[in-house]
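Q: I'd like to learn how to read a protein model, one feature at a time. Could we go through one together?
A: Sure, let's bring it up and start with the strands.

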Amino acid sequence: ERDQFVLDGQNFTVRAGCVHYFRVHPDLWEDRLARIAALGLNAVQTYVPWNYHQAWNASSLGPARVDLDSPSRDLPRFLRLAHGLGLRVVLR
């Protein structure tokens, strides 16, 4: 029992596929996530490449802001799509 994940009071086995959302066109995210769900997996695993999301301010040579909402960087949309398909997310 101690080597098992527990979710909502029940033992839970993570069966995840991996999708690097930043390497897939956003128009294809839902399809790729649906394929993971169709395989019987219950989770998707991805990591967040912060250098991809970090906008740089050329005048100050430093970070300006984190971009999480332009179409190809819309991480919240990717997470909502996964949730809508019943997938848990392992976010690294």
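Q: In what order do the three strands of the open sheet stand, and is the pairing parallel or antiparallel?
A: Keep in mind that this is a predicted model. To read a sheet, walk across it from one strand to the next. Here the order is β3-β4-β7, and the pairing is parallel. The edges belong to β3 (16–18) and β7 (88–91); each has a single partner strand, so one side of each has no neighbour in the sheet. On average, neighbouring strands of this sheet are turned by 30 degrees against each other, direction ignored.

Q: How many bridges join β4 to β7?
A: Four bridges join β4, residues 43–46, to β7. For one spot to look at, find Thr 46, which stands opposite Leu 91 in β7.

Q: What about a residue inside β7: is Val 90 buried, exposed or partly exposed?
A: Here we need cut-offs: under 20% relative accessible area is buried, over 50% is exposed, and partly exposed lies in between. Val 90 sits in strand β7 and has 34% relative accessibility, so it counts as partly exposed. Leaving aside neighbours within four places in sequence, Val 90 is in contact with Val 14, Val 44, Gln 45 and Thr 46. Chain distance and space are separate things to check: Val 90 and Tyr 47 are 43 residues apart in sequence and 8.1 Å apart in space, C-alpha to C-alpha.

Q: On to helices. Which residues of α1 are buried?
A: First, the general idea: an α-helix has 3.6 residues a turn, so residues three or four places apart point the same way. In α1, the buried ones are Trp 29, Leu 33 and Ile 36. Looking down the axis of α1, you'd see these buried residues fall within an arc of 55 degrees, so they line one face of the helix. Over on the other side of α1, Arg 35 and Ala 38 are exposed.

Q: What covers the buried residues of α1?
A: The cover includes β3, β4 and α3 (75–84).

Q: Which residues are buried in α3, then?
A: Try the same reading again. Leu 75, Phe 78, Leu 81 and Ala 82 are buried in α3. Around the axis they cover an arc of only 120 degrees, which puts them on the same side of α3. The face turned away from that buried side carries exposed residues: Arg 80, His 83 and Gly 84. As for partners, the buried residues of α3 pack against α1, β4 and β7.

Q: Which residues touch the most other members of the largest nonpolar core?
A: The general idea is that in soluble globular proteins, nonpolar side chains tend to be buried together. The largest nonpolar core here has 13 residues, and Tyr 21, Leu 33, Val 44 and Phe 78 touch the most other members. Two elements, α1 and α3, give two or more residues to this core. The largest share, four residues, comes from α3. Among the residues that Val 44 touches are Leu 33, Ile 36 and Phe 78.

Q: What about loops: is Leu 87 buried or exposed?
A: Don't judge a residue by its element alone; check its accessibility too. Leu 87 is in the loop between α3 and β7, and at 5% relative accessibility it counts as buried. Beyond residues up to four places away in sequence, the contacts of Leu 87 include Leu 33, Ile 36 and Asn 42.

Q: And Asn 42: where is its place?
A: Asn 42 is in the loop between α1 (29–38) and β4. Its relative accessible area is 15%, so Asn 42 is buried. The side chain of Asn 42 reaches the backbone oxygen of Thr 13 at 2.7 Å.

Q: For contrast, is Asn 11 buried or exposed?
A: Asn 11 belongs to strand β2, residues 10–12. With a relative accessible area of 55%, Asn 11 is exposed. Its contacts, leaving aside neighbours within four places in sequence, are Gln 4, Phe 5 and Val 6.

Q: One last thing: which residue just after α1 takes a positive phi?
A: That's Gly 40, with a phi of about 90 degrees. Just after α3, Gly 86 takes a positive phi of about 80 degrees.

Note on methods
Residues are numbered from 1 along each chain as its sequence is written. This is a predicted model: local features need pLDDT of at least 70, side-chain atom pairs count only at pLDDT 80 or more; totals for chains, interfaces and linings use all residues. Side-chain values use heavy atoms; hydrogens and water are left out. Two strands pair if DSSP finds at least two bridges between them. Axes are lines fitted to C-alpha atoms, for helices over the stretch in contact, and angles run from 0 to 180 degrees between N-to-C directions. Buried means under 20% relative accessible area, exposed over 50%, partly exposed in between (1.4 Å probe, protein chains only). A polar contact is a pair of N or O atoms within 3.5 Å; within protein, one must be able to donate a hydrogen and the other to accept it, and residues adjacent in sequence count only if both atoms are side-chain atoms. Contact means heavy atoms within 4.5 Å. The arc is that of the directions from the helix axis to the C-beta atoms. A nonpolar core is a set of buried Ala, Val, Leu, Ile, Met, Phe, Trp, Tyr and Cys residues joined through side-chain atoms within 4.5 Å.
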